[in-house]
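The exercises below are to be worked through with the sequence and the three-dimensional view side by side. Try each task before reading its solution.

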Amino acid sequence: MNNPHLYNSAHGLQQKDVEQVLSDYLDKMNWKPGSRIMDIGCGPGYITSKMLMPRLPQDFETLLAVDLSHDMIQYAKNTYIHPKLNFMQLDIETENINNDLCSPGFDKIFSFFCLHFVVDQRRAFNNISRLLRPGGEVLVLLVTTCSLFDVYSLQSKKSKWSQYLKDVQKYTSPFHTLSDAKEEFKRITKDANLSLLKCELKPNRHNYPSFAILQDSLQAINPFISNVPDELHDEFMKDVISEAEKIEKEGKNNNGKYSFSYEILVAHLRKS
Ligand SMILES: C[S@@+](CC[C@H](N)C(=O)[O-])C[C@H]1O[C@@H](n2cnc3c(N)ncnc32)[C@H](O)[C@@H]1O
């Protein structure tokens with residue numbers, strides 16, 4: 001999950017879902033001139049600069065994109081250059097959120113395909129709430145359930161792979177095993193002083209045109225691959241796909257295409 005080149009070449013699923021969410025929600029947000037905007041978990045920065053930024057009202061003041069990964073931020077800084085766009089390394093789960101960011105704060109915070117990697121959801125949403133100005137809005141897209149999380153758990157029990165997946169819980173969505181992910185999300189965000197304007201759970205399926213593209217896409221988001229020696233990467237990823245197919249059963253459709261099911265939570269919130 002630290003390889004910006006691979007992620008940028010294999011993020012069709014993320015592009016498709018972010019496109020849909022932006023077209024569903026951007027015009028429901030309350031826009032004022034001079035908005036300060038943040039994107040949390042921006043990865044290599046493509047979605048921030050090529051999909052989010054062009055769709056914003058162009059009188060915004062600044063767009064700050066942040067990510068935990070140093071490699072992702074370096075790549076984004078070197079690749080996507082614009083006078084109103086900045087990139088910065090930040091862990092949204094931090095215990096000490098930078099006061100210089102909280103004041104003056106942000107009018108809009110976006111986060112796509114990131115917050116399911118956060119173990120302490122309460123701390124992350126408290127930080128998001130602190131980063132927002134009063135009346136500020138949040139648009140979040142996170143993964144609730146996905147067979148990959150079960151695959152990681154299975155692999156962590158296999159003697160060949162267990163040494164590489166020691167922190168498997170950290171990379172499993174905290175919503176994956178919950179019977180009511182929406183209720184838990186409502187509780188967490190309410191306690192962070194955020195009012196839920198809309199929250200949807202969307203079951204989804206993505207078709208990959210070839211095995212190679214499926215493998216690249218799953219490798220690009222695999223949190224453990226950097227622990228695995230290079231010479232075992234191929235075998236490791238083939239095992240991921242084979243276990244995912246067993247779980248999904250109908251994963252391979254009649255056209256020889258590969259498909260993959262998952263569920264996302266999309267939420268629009270406002271700071272009270
Ligand atoms: C799957 S990528 C999503 C990138 C981009 N938003 C997109 O939709 O294509 C997830 C990103 O979240 C980042 N991330 C994970 N945990 C984070 C945290 N605690 N704080 C900030 N970023 C985090 C990862 O480093 C990774 O770059």
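Two strands pair if DSSP finds at least two bridges between them, and helices (H or I, at least four residues) and strands (E, at least two) are DSSP runs, numbered from the N terminus. This is a predicted model, in which local features need pLDDT of at least 70 and side-chain atom pairs count only at pLDDT 80 or more, while totals for chains, interfaces and linings use all residues. Residues are numbered from 1 along each chain as its sequence is written.

**Exercise 1. The sheet**

Determine the order of the strands in the open sheet, and find which strands stand at the edges.

Solution. Begin with the order: seven strands form the open sheet as 3-2-1-4-5-7-6, and their pairing is mixed. Next, look at the ends of that order, where strand 3 (85-89) and strand 6 (194-208) each have a single partner strand, so one side of each is left without a neighbour in the sheet. Then consider the twist: neighbouring strands are turned by 15 degrees against each other on average, direction ignored. Finally, take one pair as an example: strand 1 (residues 36-40) and strand 2 (residues 62-67) run in the parallel sense over five bridges, and I37 stands opposite L63 in strand 2.

**Exercise 2. Helix 6 and helix 8**

Describe how helix 6 and helix 8 pack, and list the residues that make the contact.

Solution. Axes here are lines fitted to C-alpha atoms, for helices over the stretch in contact, and angles run from 0 to 180 degrees between N-to-C directions. Helix 6 (residues 121-131) and helix 8 (residues 181-191) pack at about 45 degrees, with their axes 8 Å apart. Angles under 35 degrees count as roughly parallel, over 145 as roughly antiparallel, 65 to 115 as roughly perpendicular and the rest as oblique; helix 6 and helix 8 are therefore oblique to each other. The contact (C-beta atoms, placed from the backbone, within 7 Å) is made by Q121, R122 and F125 of helix 6 and by I188, T189 and D191 of helix 8.

**Exercise 3. Helix 10 and its partners**

Find how helix 10 is oriented against helix 7 and against helix 9.

Solution. Start with helix 7 (residues 147-155) and helix 10 (residues 233-248), whose axes come within 9 Å and cross at roughly 120 degrees, so that the two are oblique to each other. In this contact S147, L148, D150, V151, L154 and Q155 of helix 7 meet D239, V240, E243, A244, I247 and E248 of helix 10. Turn now to helix 9 (residues 211-220), which packs against helix 10 at about 100 degrees with the axes 10 Å apart; that makes helix 9 roughly perpendicular to helix 10. Here L214, Q215, L218 and Q219 of helix 9 meet M237, V240 and I241 of helix 10.

**Exercise 4. Two backbone details**

Locate the cis peptide bond and the residue other than glycine with a positive phi.

Solution. The cis bond runs from S103 to P104, with omega near 20 degrees, and P104 is found in the loop between helix 5 (99-102) and strand 4. The positive phi, near 55 degrees, belongs to F113, a residue in the loop between strand 4 and helix 6.

**Exercise 5. Around the ligand**

State how many residues surround the ligand and which are closest.

Solution. Counting residues whose C-beta atom, placed from the backbone, lies within 6 Å of the molecule, one finds 23 around the ligand, with G41, G43, L68, F112 and C114 the closest.

Notes. Two residues are in contact if their C-beta atoms, placed from the backbone, lie within 7 Å.
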